[in-house]
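Hi,

Here is the structure I promised to pass on. Have a look at it first, and my notes on what turned up follow below.

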There are 2 protein chains.
Amino acid sequence: MTDLRKTVERFWAAAEARDWSTFADTLAEDVVYTLPQTRERITGRERYVEFNREYPGDWHLRIERMVAEPGQVVSWVHFTVGLEEMYGISFFTGEDRITSISDFWPEPYEPPAGRDHLTERY
Amino acid sequence: MTDLRKTVERFWAAAEARDWSTFADTLAEDVVYTLPQTRERITGRERYVEFNREYPGDWHLRIERMVAEPGQVVSWVHFTVGLEEMYGISFFTGEDRITSISDFWPEPYEPPAGRDHLTERY
């Protein structure tokens, strides 16, 4: 039995390598993928692998941060698609295989007015 | 010495209660707060408490999920401001007190075309 952190590391390495059989092997057969921002859900390994395989763009990723405890992992992943950069934050549950993923894709936005006496831009 | 998970639970409970002295007590004096989406940064306990105290709206929160390991915690928090609902995802580091927070605020968006053969809406 592998711990979930190692499984999630393997999941991301396989995604970056487009190695879909290794990728599939990190997933439970009844894995559930949820996107709370669009309220989309994908159920089952086969569909979820297909979703990733079909995902458009020459995307590349690196893990920025990972936090793990038994049965739960969160990753903060930095993606580039050409010159575009974005973050993906993913909550995983599972044991040796991944049984659920909830994904967030926060977009850049302009700071609201009235707080620049407390903040600096970087 | 408290573990960081307990500190983060206290941090959110104090924010919800507007108990700014307990809130301040969860923070290291040189805490750094970062918002990657706006590229804003706030340095120091005093300014960061002020930022929260001044934050507009009658916001309320509940912790949806939390993942912790020694020195690192992530929380997925559900916020309501009147009828509006949103998520906040926060990466914390620290020991007994919080030394850094990186916050993400993902917004709802419409699903891109071409993947509804794999997804369902919920």
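Strands 5 and 6 of chain B run antiparallel and are joined by six bridges. One pair to look for there is B:Ile89, whose bridge partner in strand 6 of chain B is B:Phe104. The link between strand 5 and strand 6 of chain B is a hairpin of three residues. Bear in mind as you click around that this is a predicted model.

Next door in chain B, strand 4 and strand 5 are also antiparallel, with ten bridges joining them. Across that pairing, B:Val81 sits opposite B:Glu84 of strand 5. The hairpin between strand 4 and strand 5 of chain B has two residues between the strands, and B:Gly82 in it has a positive phi near 60 degrees.

Now the other side of strand 6. Strand 1 of chain B (residues 27–35) pairs with strand 6 of chain B in the parallel sense, over four bridges. Here B:Tyr33 has B:Ile101 of strand 6 as its bridge partner. Strand 1 of chain B also pairs with strand 2 of chain B, this time antiparallel and again over four bridges. B:Thr34 faces B:Arg41 of strand 2 in that pairing. The hairpin of strand 1 and strand 2 of chain B has four residues between the strands, and B:Arg39 takes a positive phi there, near 55 degrees.

So what does strand 2 of chain B meet in chain A? Strand 7 of chain A runs antiparallel to strand 2 of chain B, and two bridges join them. In this pairing A:Arg121 stands opposite B:Glu40.

Put together, that gives an open sheet of seven strands with mixed pairing, in the order 7(A)-2(B)-1(B)-6(B)-5(B)-4(B)-3(B). Which strands stand at the edges? They are strand 7 of chain A (120–121) and strand 3 of chain B; each has a single partner strand, so one side of each has no neighbour in the sheet.

Helix 1 of chain B packs on this sheet, where it touches strands 3, 4, 5 and 6 of chain B, and its direction makes about 175 degrees with that of strand 3 of chain B. Helix 3 of chain B lies across strand 1 and strand 2 (40–43) of chain B, at about 55 degrees to strand 1.

Helix 1 of chain B is worth a look of its own. It covers residues 4–17, which makes 14 residues, and it reaches 20 Å from first C-alpha to last, close to the 20 Å expected at 1.5 Å a residue. Which of its residues are buried? B:Leu4, B:Thr7, B:Val8, B:Phe11 and B:Ala15 are. They cover an arc of only 100 degrees around the axis, so they are on the same side of helix 1 of chain B. The reason such a spacing works is general: an α-helix has 3.6 residues a turn, so residues three or four places apart point the same way. In chain B, the buried residues of helix 1 pack against helix 2 (20–25), helix 3 (45–54) and strands 3, 4, 5 and 6. Just after the helix, B:Arg18 takes a positive phi of about 55 degrees.

Over in chain A, helix 1 (residues 4–16) has 13 residues and reaches 18 Å, close to the 18 Å expected. A:Leu4, A:Thr7, A:Val8, A:Phe11 and A:Ala15 are buried in it. Seen down the axis of helix 1 of chain A, these fall within an arc of 100 degrees, so they line one face of the helix.

Chain A has its own open sheet too: seven strands with mixed pairing, in the order 3(A)-4(A)-5(A)-6(A)-1(A)-2(A)-7(B). Its edge strands are strand 3 of chain A and strand 7 (120–121) of chain B, each paired on one side only.

Last, the two chains together. How does chain B lie on chain A? A turn of 180 degrees and a shift of 0.0 Å along the axis lays chain B on chain A with an RMSD of 0.0 Å. That is the relation of a two-fold axis. In chain B, B:Pro106 has the C-alpha nearest the axis, 2.0 Å from it. The same surface serves both copies, since 100% of the contact residues of chain B recur in chain A.

Cheers

Definitions and conventions
Residues are numbered from 1 along each chain as its sequence is written. Chains are lettered from A and ligands numbered from 1 in the order in which they are written. This is a predicted model: local features need pLDDT of at least 70, side-chain atom pairs count only at pLDDT 80 or more; totals for chains, interfaces and linings use all residues. The expected span of a helix is 1.5 Å times one less than its number of residues. A residue is buried if 20 or more other C-beta atoms lie within 10 Å of its own, exposed if 12 or fewer, and partly exposed in between; C-beta atoms are placed from the backbone. The arc is that of the directions from the helix axis to the C-beta atoms. Two residues are in contact if their C-beta atoms, placed from the backbone, lie within 7 Å. Two strands pair if DSSP finds at least two bridges between them. Axes are lines fitted to C-alpha atoms, for helices over the stretch in contact, and angles run from 0 to 180 degrees between N-to-C directions. Copies are superposed by least squares on the C-alpha atoms of residues with pLDDT of at least 70 in both.
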